[in-house]
Amino acid sequence: MLHPIRWLFLGVTVIVLAALGFGAWYVFGGNAPAKPALGACNARPAAAASINGSWKVAAGKNVYLGYRMTEKFAGDVIHKAAVGRTPAVTGTMTIAGNRVSAVQVAGQMQQLTSDRSIRDDYIHTHAIESDTYHTSAFTLTTPISLPAPLHECDALNASARGRLTLHGVTRTVTVPIQAHWDGSTIEVVGTAPIKLADYKIVPPNTSVVKVDDHGSLELSLTFRKR
(Lines give C-alpha, C1' and ligand atoms only; values in the text may rest on other atoms or scores of the structure.)
Protein backbone atom coordinates (compact mmCIF):
# COMPACT_ATOMS: atom_id res chain seq x y z
CA MET A 1 0.00 0.00 0.00
CA LEU A 2 1.39 3.36 -1.06
CA HIS A 3 2.12 5.95 1.57
CA PRO A 4 -0.11 9.08 1.30
CA ILE A 5 2.93 11.18 0.40
CA ARG A 6 3.69 8.83 -2.46
CA TRP A 7 0.08 9.11 -3.64
CA LEU A 8 0.44 12.88 -3.58
CA PHE A 9 3.73 12.72 -5.47
CA LEU A 10 2.18 10.40 -8.03
CA GLY A 11 -0.80 12.70 -8.49
CA VAL A 12 1.42 15.76 -8.96
CA THR A 13 3.56 13.86 -11.46
CA VAL A 14 0.50 12.87 -13.52
CA ILE A 15 -0.74 16.46 -13.55
CA VAL A 16 2.67 17.80 -14.63
CA LEU A 17 3.03 15.21 -17.40
CA ALA A 18 -0.51 15.96 -18.61
CA ALA A 19 0.25 19.69 -18.67
CA LEU A 20 3.50 19.09 -20.57
CA GLY A 21 1.71 16.82 -23.03
CA PHE A 22 -1.03 19.40 -23.59
CA GLY A 23 1.57 22.13 -24.10
CA ALA A 24 3.48 20.03 -26.62
CA TRP A 25 0.23 19.20 -28.45
CA TYR A 26 -0.78 22.87 -28.60
CA VAL A 27 2.61 24.10 -29.79
CA PHE A 28 3.69 21.33 -32.14
CA GLY A 29 0.41 19.71 -33.16
CA GLY A 30 -1.85 20.86 -35.97
CA ASN A 31 -1.06 22.46 -39.29
CA ALA A 32 -1.86 26.02 -40.33
CA PRO A 33 -3.51 26.20 -43.77
CA ALA A 34 -1.58 27.71 -46.65
CA LYS A 35 -1.98 31.35 -47.61
CA PRO A 36 -4.85 32.05 -50.02
CA ALA A 37 -4.08 31.34 -53.67
CA LEU A 38 -6.10 31.22 -56.87
CA GLY A 39 -7.32 27.80 -57.91
CA ALA A 40 -7.16 26.37 -61.41
CA CYS A 41 -9.25 28.26 -63.94
CA ASN A 42 -11.32 26.42 -66.55
CA ALA A 43 -12.86 28.83 -69.02
CA ARG A 44 -16.61 28.60 -69.61
CA PRO A 45 -17.08 30.68 -72.79
CA ALA A 46 -20.75 29.78 -73.13
CA ALA A 47 -21.48 31.74 -69.96
CA ALA A 48 -19.23 34.65 -70.84
CA ALA A 49 -21.72 37.16 -72.22
CA SER A 50 -20.02 39.95 -70.27
CA ILE A 51 -18.19 40.52 -67.04
CA ASN A 52 -20.17 43.73 -66.58
CA GLY A 53 -23.03 43.63 -64.13
CA SER A 54 -23.85 42.99 -60.50
CA TRP A 55 -22.17 40.13 -58.61
CA LYS A 56 -22.56 38.58 -55.16
CA VAL A 57 -20.40 36.40 -52.93
CA ALA A 58 -21.31 32.71 -53.27
CA ALA A 59 -20.85 30.27 -50.41
CA GLY A 60 -18.21 27.57 -50.86
CA LYS A 61 -15.37 25.70 -49.17
CA ASN A 62 -12.84 28.23 -50.48
CA VAL A 63 -14.79 31.32 -49.42
CA TYR A 64 -13.59 32.98 -46.22
CA LEU A 65 -12.20 36.03 -44.45
CA GLY A 66 -9.56 35.48 -41.81
CA TYR A 67 -6.36 36.28 -40.01
CA ARG A 68 -2.80 34.95 -39.86
CA MET A 69 -0.79 35.80 -36.75
CA THR A 70 2.39 34.55 -35.09
CA GLU A 71 2.20 33.00 -31.63
CA LYS A 72 5.35 32.88 -29.50
CA PHE A 73 6.11 30.30 -26.82
CA ALA A 74 8.96 29.90 -24.33
CA GLY A 75 9.73 33.60 -24.50
CA ASP A 76 10.61 34.19 -28.14
CA VAL A 77 12.09 30.76 -28.84
CA ILE A 78 9.22 28.89 -30.50
CA HIS A 79 6.99 30.45 -33.17
CA LYS A 80 3.71 29.03 -34.47
CA ALA A 81 1.38 30.37 -37.17
CA ALA A 82 -2.17 30.94 -35.91
CA VAL A 83 -4.76 31.05 -38.71
CA GLY A 84 -8.46 31.64 -38.19
CA ARG A 85 -11.16 31.91 -40.84
CA THR A 86 -14.87 32.59 -41.05
CA PRO A 87 -16.87 31.11 -43.94
CA ALA A 88 -19.83 33.37 -43.09
CA VAL A 89 -19.14 36.00 -45.74
CA THR A 90 -21.57 38.16 -47.69
CA GLY A 91 -20.85 40.77 -50.31
CA THR A 92 -21.59 42.41 -53.63
CA MET A 93 -19.53 43.78 -56.51
CA THR A 94 -20.45 45.98 -59.46
CA ILE A 95 -18.48 46.00 -62.72
CA ALA A 96 -19.18 48.47 -65.50
CA GLY A 97 -17.10 49.86 -68.36
CA ASN A 98 -14.01 47.79 -67.59
CA ARG A 99 -13.98 49.01 -64.00
CA VAL A 100 -14.85 47.48 -60.66
CA SER A 101 -16.86 50.44 -59.41
CA ALA A 102 -18.20 49.10 -56.10
CA VAL A 103 -17.42 46.33 -53.63
CA GLN A 104 -18.87 45.64 -50.21
CA VAL A 105 -17.86 42.56 -48.23
CA ALA A 106 -18.66 41.56 -44.64
CA GLY A 107 -17.68 38.61 -42.45
CA GLN A 108 -19.18 37.27 -39.22
CA MET A 109 -16.37 37.24 -36.65
CA GLN A 110 -18.18 34.94 -34.20
CA GLN A 111 -17.69 32.12 -36.71
CA LEU A 112 -13.91 32.44 -36.81
CA THR A 113 -12.37 29.01 -36.34
CA SER A 114 -8.81 27.70 -36.34
CA ASP A 115 -7.09 24.43 -35.51
CA ARG A 116 -7.39 25.20 -31.78
CA SER A 117 -10.78 25.59 -30.05
CA ILE A 118 -9.02 27.18 -27.06
CA ARG A 119 -7.80 30.00 -29.30
CA ASP A 120 -11.24 30.37 -30.89
CA ASP A 121 -12.97 30.58 -27.52
CA TYR A 122 -10.43 33.12 -26.25
CA ILE A 123 -11.03 35.67 -29.02
CA HIS A 124 -14.76 35.74 -28.32
CA THR A 125 -14.02 37.91 -25.28
CA HIS A 126 -10.39 39.02 -25.84
CA ALA A 127 -8.33 40.48 -28.70
CA ILE A 128 -10.87 40.57 -31.59
CA GLU A 129 -13.72 40.35 -29.02
CA SER A 130 -16.10 38.82 -31.53
CA ASP A 131 -18.93 38.58 -28.99
CA THR A 132 -18.94 42.38 -28.91
CA TYR A 133 -17.80 43.24 -32.44
CA HIS A 134 -19.70 40.72 -34.53
CA THR A 135 -18.83 41.91 -38.02
CA SER A 136 -15.83 43.06 -40.03
CA ALA A 137 -16.41 44.83 -43.33
CA PHE A 138 -14.60 46.25 -46.35
CA THR A 139 -15.94 48.90 -48.73
CA LEU A 140 -14.08 49.79 -51.91
CA THR A 141 -13.46 53.54 -52.25
CA THR A 142 -11.27 53.66 -55.39
CA PRO A 143 -12.46 51.92 -58.59
CA ILE A 144 -10.25 49.14 -59.98
CA SER A 145 -9.47 49.30 -63.70
CA LEU A 146 -9.63 46.04 -65.64
CA PRO A 147 -7.66 45.10 -68.76
CA ALA A 148 -9.48 45.66 -72.03
CA PRO A 149 -10.28 43.28 -73.50
CA LEU A 150 -10.49 40.89 -70.55
CA HIS A 151 -10.49 37.23 -71.53
CA GLU A 152 -11.58 34.22 -69.53
CA CYS A 153 -8.89 33.02 -67.10
CA ASP A 154 -6.70 36.09 -67.56
CA ALA A 155 -4.87 36.61 -64.26
CA LEU A 156 -5.43 40.02 -62.73
CA ASN A 157 -3.16 41.62 -60.12
CA ALA A 158 -4.55 44.76 -58.56
CA SER A 159 -4.82 46.83 -55.39
CA ALA A 160 -8.17 47.24 -53.69
CA ARG A 161 -8.22 50.51 -51.75
CA GLY A 162 -11.06 51.03 -49.33
CA ARG A 163 -12.32 51.28 -45.76
CA LEU A 164 -11.84 48.33 -43.42
CA THR A 165 -13.94 48.13 -40.27
CA LEU A 166 -12.56 45.78 -37.62
CA HIS A 167 -13.11 45.72 -33.85
CA GLY A 168 -15.35 48.77 -34.20
CA VAL A 169 -12.60 50.86 -35.85
CA THR A 170 -12.61 51.97 -39.50
CA ARG A 171 -9.38 52.73 -41.37
CA THR A 172 -8.33 53.14 -44.98
CA VAL A 173 -6.36 50.16 -46.28
CA THR A 174 -4.95 48.84 -49.54
CA VAL A 175 -5.33 45.10 -50.13
CA PRO A 176 -3.19 43.49 -52.87
CA ILE A 177 -5.43 41.03 -54.70
CA GLN A 178 -5.31 38.44 -57.47
CA ALA A 179 -8.35 37.45 -59.49
CA HIS A 180 -9.59 35.60 -62.53
CA TRP A 181 -12.92 35.18 -64.34
CA ASP A 182 -13.89 31.86 -65.87
CA GLY A 183 -16.92 33.20 -67.71
CA SER A 184 -19.27 32.23 -64.89
CA THR A 185 -17.58 33.13 -61.62
CA ILE A 186 -14.93 35.57 -60.43
CA GLU A 187 -12.42 34.27 -57.91
CA VAL A 188 -10.54 36.78 -55.75
CA VAL A 189 -7.78 36.16 -53.19
CA GLY A 190 -5.75 38.63 -51.19
CA THR A 191 -3.43 39.17 -48.23
CA ALA A 192 -2.78 42.48 -46.51
CA PRO A 193 -0.63 43.38 -43.49
CA ILE A 194 -2.49 44.50 -40.40
CA LYS A 195 -1.32 46.13 -37.16
CA LEU A 196 -3.53 45.30 -34.19
CA ALA A 197 -2.99 48.65 -32.47
CA ASP A 198 -4.52 50.43 -35.48
CA TYR A 199 -7.82 48.75 -34.56
CA LYS A 200 -7.43 49.01 -30.78
CA ILE A 201 -6.96 45.24 -30.53
CA VAL A 202 -4.87 44.10 -27.57
CA PRO A 203 -2.74 41.12 -28.66
CA PRO A 204 -2.98 38.06 -26.39
CA ASN A 205 -0.18 37.89 -23.83
CA THR A 206 -0.55 35.11 -21.28
CA SER A 207 1.80 33.01 -19.19
CA VAL A 208 1.75 30.44 -22.02
CA VAL A 209 1.67 32.37 -25.28
CA LYS A 210 2.33 35.83 -26.65
CA VAL A 211 1.01 37.05 -30.00
CA ASP A 212 2.75 39.54 -32.30
CA ASP A 213 1.15 42.97 -32.59
CA HIS A 214 1.00 42.60 -36.36
CA GLY A 215 -0.14 39.96 -38.82
CA SER A 216 -2.18 39.55 -41.98
CA LEU A 217 -5.74 39.85 -43.15
CA GLU A 218 -6.58 37.05 -45.63
CA LEU A 219 -9.48 36.64 -48.01
CA SER A 220 -10.68 34.14 -50.58
CA LEU A 221 -13.95 34.96 -52.37
CA THR A 222 -16.03 33.61 -55.20
CA PHE A 223 -18.54 35.92 -56.91
CA ARG A 224 -21.50 34.89 -59.08
CA LYS A 225 -23.80 37.14 -61.07
CA ARG A 226 -26.96 38.20 -59.32
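1. Strands, as the word is used in this note, are DSSP runs of E that hold at least two residues, and they are numbered from the N terminus. The model under discussion is a predicted one, and in it strand E9 (169-181), strand E10 (185-195) and strand E12 (214-225) each contribute at least two residues to the lining of the second largest pocket.

2. Among the elements that line the second largest pocket, E10 makes the greatest contribution, with 3 residues. The space within this pocket amounts to about 310 Å³, and of the 18 residues that line it, those closest to its centre are Asp182, Thr185, Glu187, Thr222 and Arg224.

3. As for chemical character, the lining of the second largest pocket is made up of 7 nonpolar, 6 polar and 5 charged residues.

4. Turning to the chain as a whole, the secondary structure comprises 2 helices and 12 strands, and, read from the N terminus, these elements follow the order α-β-β-β-β-β-α-β-β-β-β-β-β-β.

5. On packing, 40% of the 226 residues in the chain are buried, where buried stands for a relative accessible area under 20%. Of the contacts in the chain that have a separation of 6 or more, 68% are between residues that lie 24 or more positions apart.

6. Finally, the surface: the chain has an accessible surface of about 12,600 Å², and carbon and sulfur atoms account for 58% of that area.

Notes:
Residues numbered from 1 in each chain as written. Predicted model: local features only at pLDDT ≥ 70, side-chain atom pairs only at ≥ 80, totals over all residues. Heavy atoms only, no water. 1 Å grid on protein atoms, 1.4 Å probe; cavity = no way out; pocket = protein on both sides within 12 Å on 5 of 7 lines; lining within 4 Å. Points joined across faces, edges and corners; volume = space filled by probe spheres on them. Helix = DSSP H or I, 4+ residues; strand = E, 2+ residues; numbered from the N terminus. Nonpolar A, V, L, I, M, F, W, Y, C, P; charged D, E, K, R; others polar. Buried < 20%, exposed > 50% of the residue type's maximum accessible area, 1.4 Å probe, protein only. Contact = heavy atoms within 4.5 Å. Areas by Shrake-Rupley, 256 points an atom, 1.4 Å probe, with all protein chains shown as cover.
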